[in-house]
Amino acid sequence: MKELLILSGKGGTGKTTLTAAFSSLVTSRLLADCDVDAADLHIILRPERTETHDFVSGVKAMVNKDRCTACNTCAELCRYDAVIMNEYAEVDDFSCEGCGVCAHFCPEKAIDLEPNHCGYWFVSSTRHGTLIHAELKPGEENSGKLVSLVKQKARERAEKEGAKLILVDGPPGIGCPVISSFSGADLVVIVTEPTESGLHDLQRVIELSKHFKVPAKVVVNKWDLNREICAQIENFCQDSRIELAGKIPFDKAVVDSLVAGKTLFEFKDCKAAQSVANIWQQIQKNL
Ligand code: SF4
Ligand code: SF4
């Protein structure tokens, strides 16, 4: 079983469009949406949820108000200013880091550390295979752990189904969730656009791929919107010995296919779809 990770330095570069398009070109595959803060693969694939599971990570302090004597000890000790004192102590869930200091020193043993429910992960069926995806509650910061969980569940499921390829729609940026998404990947496809910031983001993601020793290929989306910067990206790839898998021209059909909830290949035979088909041929050589 192989794992193909699709990344971009920031959101909105066409990463999800490409992942969805690839999913309609392979038969033995499973999909994992690791953009747990703002998943959008479902817009194209319209999944039907078959399983919902809780995602629990770490603990949060909870005050038993019947036991609290408002002595203020916890408020004085909490270095995250998470305790609000009124008639009794209350904990602000967004600020509490679950360090446990308050529970340890509360003279009335009025504080318990409860498991922190941070979100959900799901198994869904789509017309292009099973999708493992997730949702992090607003304000939660455990996206790296949730990405690891989504990938672990995707591997388990792929093994069960006998899928030969896991297509991973990665998180944007270069933060903790992206770092988690590299684990176990056989190849990373980095999608970029011909802008100054696109080139900069690409350089940062390539550094990560080198650090984690995952082979990388680059795709330039809407390449013809700025041929000069596209040429700079191509030069950069050549100098860095990173293969350019291909370039996708600007094509209004891409947006129209998104609005229609279809992959590029389901929508119509357009310029962008032809380029993506050629790119897939390049990528397959390394899988
Ligand atoms: S330390 Fe315990 S008793 Fe004192 S305010 Fe906090 S919760 Fe209440
Ligand atoms: S668990 Fe730590 S962070 Fe949370 S309220 Fe208690 S002392 Fe503050």
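**Group meeting: two ligands, one glycine and a sheet**

Okay, let's start with ligand 2: it has 13 residues around it, and the closest are Ala61, Cys78, Cys96, Cys99 and Cys102. Just so everybody knows, this is a predicted model. By class, that shell comes out as 10 nonpolar, two polar and one charged.

Over to ligand 1. There are 13 residues around this one, with Cys68, Cys71, Thr73, Cys74 and Cys106 coming nearest. The class split here is nine nonpolar, three polar and one charged.

Now, glycine 98. You'll find glycine 98 in the loop that links β5 (89-91) to α4 (101-105). So is glycine 98 buried or exposed? Somewhere in between: glycine 98 has 18 other C-beta atoms within 10 Å, and because burial takes 20 or more, glycine 98 counts as partly exposed. If we skip the neighbours within four places in sequence, the contacts of glycine 98 are Gly58, Val59, Lys60, Ala61, Leu113 and Asn116. Leucine 5 is another story: its C-alpha is 33 Å from that of glycine 98, and the two are 93 residues apart along the chain.

Right, the sheet. It's an open one with nine strands, mixed pairing, and the order β3-β6-β7-β2-β8-β1-β9-β10-β11. At the edges sit β3 (48-63) and β11 (243-248), each pairing on one side only. From one strand to the next, the twist averages 20 degrees. β3 and β6 (residues 111-126) run antiparallel, joined by 13 bridges, and glutamate 51 is opposite valine 123 of β6. Last one: helix α7 (residues 196-211) packs on the sheet, touching β1 (2-8), β9 (187-192) and β10 (216-221), and its direction makes about 170 degrees with that of β9.

Conventions:
Residues numbered from 1 in each chain as written. Chains lettered and ligands numbered in written order. Predicted model: local features only at pLDDT ≥ 70, side-chain atom pairs only at ≥ 80, totals over all residues. Near = placed C-beta within 6 Å. Nonpolar A, V, L, I, M, F, W, Y, C, P; charged D, E, K, R; others polar. Helix = DSSP H or I, 4+ residues; strand = E, 2+ residues; numbered from the N terminus. Buried ≥ 20, exposed ≤ 12 C-beta atoms within 10 Å, placed from the backbone. Contact = placed C-beta atoms within 7 Å. Pairing = 2+ DSSP bridges. Axes fitted to C-alpha atoms, helices over the stretch in contact; angles between N-to-C directions.
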